[in-house]
Amino acid sequence: AANGASGALLGVAASLAAAMLSGFAGVFLEKAFNRDATSLWELNVHLATLSLPLQALAIFEFDRVAIAERGLFYGYHADTWLVILIQAVGGLLTAVVIKYAGNMLKSFATSLSLISTSLLSMPMLGYRPTPLFWAGLALVCAATTLYAAPTPRSSCCSRRPTRMSPLSQ
């Protein structure tokens, strides 16, 4: 039981770290995209260039023998290239959404797409969601509705009370 509790704690800690890093990345990207007149293409190339050394290090560490024997693109088929294309287009669309709509809208769109995928997988793949899934679904729907709702303007609070100066009395 102690191992299960420590595993759950590790899972919660990893989820919180991932959420914080994702939030930081979203804010950083929104700032980078809205900072100056640099085009989305240039910014995407800059961001991709940052990831290349890390990927090259991972390839060298884990796959250098296989690449030396069979080549870098061994095993790539049409469906592999299709997935790469879909990921590239998705990255460009994400950049456009962050630049023109903001990180919050991107986050809501991501949440709604995950929920939609889950709901579609129920009849198609026999997915059976847990009560926790339904609670998360309700929270995401509520948050999206609250975020999209117009800000109410009541007549009592829209005007600041004016204070008369002692000279005008």
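In what order do the elements of the protein chain run from the N terminus on? They run α-α-α-α-α-α. The chain has six helices and zero strands. Before we go further, please keep in mind that this is a predicted model.

## The chain as a whole

Let us start with the overall numbers. The protein chain has 169 residues, and 12% of them count as buried. Its accessible surface comes to about 13800 Å², and carbon and sulfur atoms account for 70% of that surface. What about contacts along the chain? Among those between residues at least 6 apart in sequence, 54% join residues at least 24 apart.

## The nonpolar core

Which residues make up the largest nonpolar core? There are five in all: F33, L40, L43, A95 and I98. Helix 2 (40-70) supplies at least two residues of this core, and so does helix 3 (78-100).

L40 is a good residue to find on the screen. Not counting residues up to four places away in sequence, L40 touches F33, A95, V96, K99 and Y100. Two of these names, F33 and A95, belong to the core along with L40.

Now look at V96, whose place is in helix 3. Is V96 buried or partly exposed? With 35% relative accessibility, V96 counts as partly exposed, because buried means under 20% and exposed means over 50%. Setting aside residues up to four places away in sequence, V96 touches L40 and A101. You can also compare its position with that of K106: these two are 10 residues apart in sequence, and their C-alpha atoms are 9.7 Å apart in space.

## A nonpolar patch and its rings

Nonpolar residues can be found on the surface too. I59, L72, F73, Y76, W81 and I84 form a nonpolar patch there, and together they have about 570 Å² of accessible area. I84, one of the patch residues, lies in helix 3.

Some of the patch residues carry aromatic rings, so here is how ring pairs are described: by the distance of the centres and the angle of the planes. A search of the whole structure finds five aromatic pairs. One of them joins F73 and Y76 in an edge-to-face arrangement, with 5.3 Å from centre to centre and 80 degrees between the planes. Ring pairs also link F73, Y76 and W81 into a cluster.

## Helices 4 and 5

Further along the chain, S118 lies in helix 4, which spans residues 103-125. S118 counts as buried because its relative accessibility is 17%, and the cut-off for buried is under 20%. Leaving aside neighbours within four places in sequence, S118 is in contact with Y127 and F133.

T144 is found in helix 5, residues 131-148. Which residues does T144 contact, apart from its neighbours within four places in sequence? They are F108 and L112. T144 and L112 are 32 residues apart in sequence, yet their C-alpha atoms are 8.8 Å apart in space.

## Accessibility side by side

The table gathers the relative accessibility of some residues from this report.

| Residue | Relative accessibility | Class |
|---|---|---|
| F73 | 49% | partly exposed |
| I84 | 38% | partly exposed |
| V96 | 35% | partly exposed |
| Y76 | 34% | partly exposed |
| S118 | 17% | buried |

To find your way around the model, you could begin with L40 and its contact V96, then move to the patch with F73 and Y76, and end with T144 and its contacts F108 and L112.

Methods: Residues numbered from 1 in each chain as written. Predicted model: local features only at pLDDT ≥ 70, side-chain atom pairs only at ≥ 80, totals over all residues. Heavy atoms only, no water. Core = buried A, V, L, I, M, F, W, Y, C linked by side-chain atoms within 4.5 Å. Buried < 20%, exposed > 50% of the residue type's maximum accessible area, 1.4 Å probe, protein only. Helix = DSSP H or I, 4+ residues; strand = E, 2+ residues; numbered from the N terminus. Contact = heavy atoms within 4.5 Å. Patch = residues over 30% accessible without salt bridge, like charges linked within 9 Å, V, L, I, M, F, W, Y side chains within 5 Å. Areas by Shrake-Rupley, 256 points an atom, 1.4 Å probe, with all protein chains shown as cover. Salt bridge = Lys/Arg side-chain N within 4 Å of Asp/Glu carboxyl O. Phe/Tyr/Trp six-rings, centres within 6.5 Å; stacked < 30°, edge-to-face > 60°.
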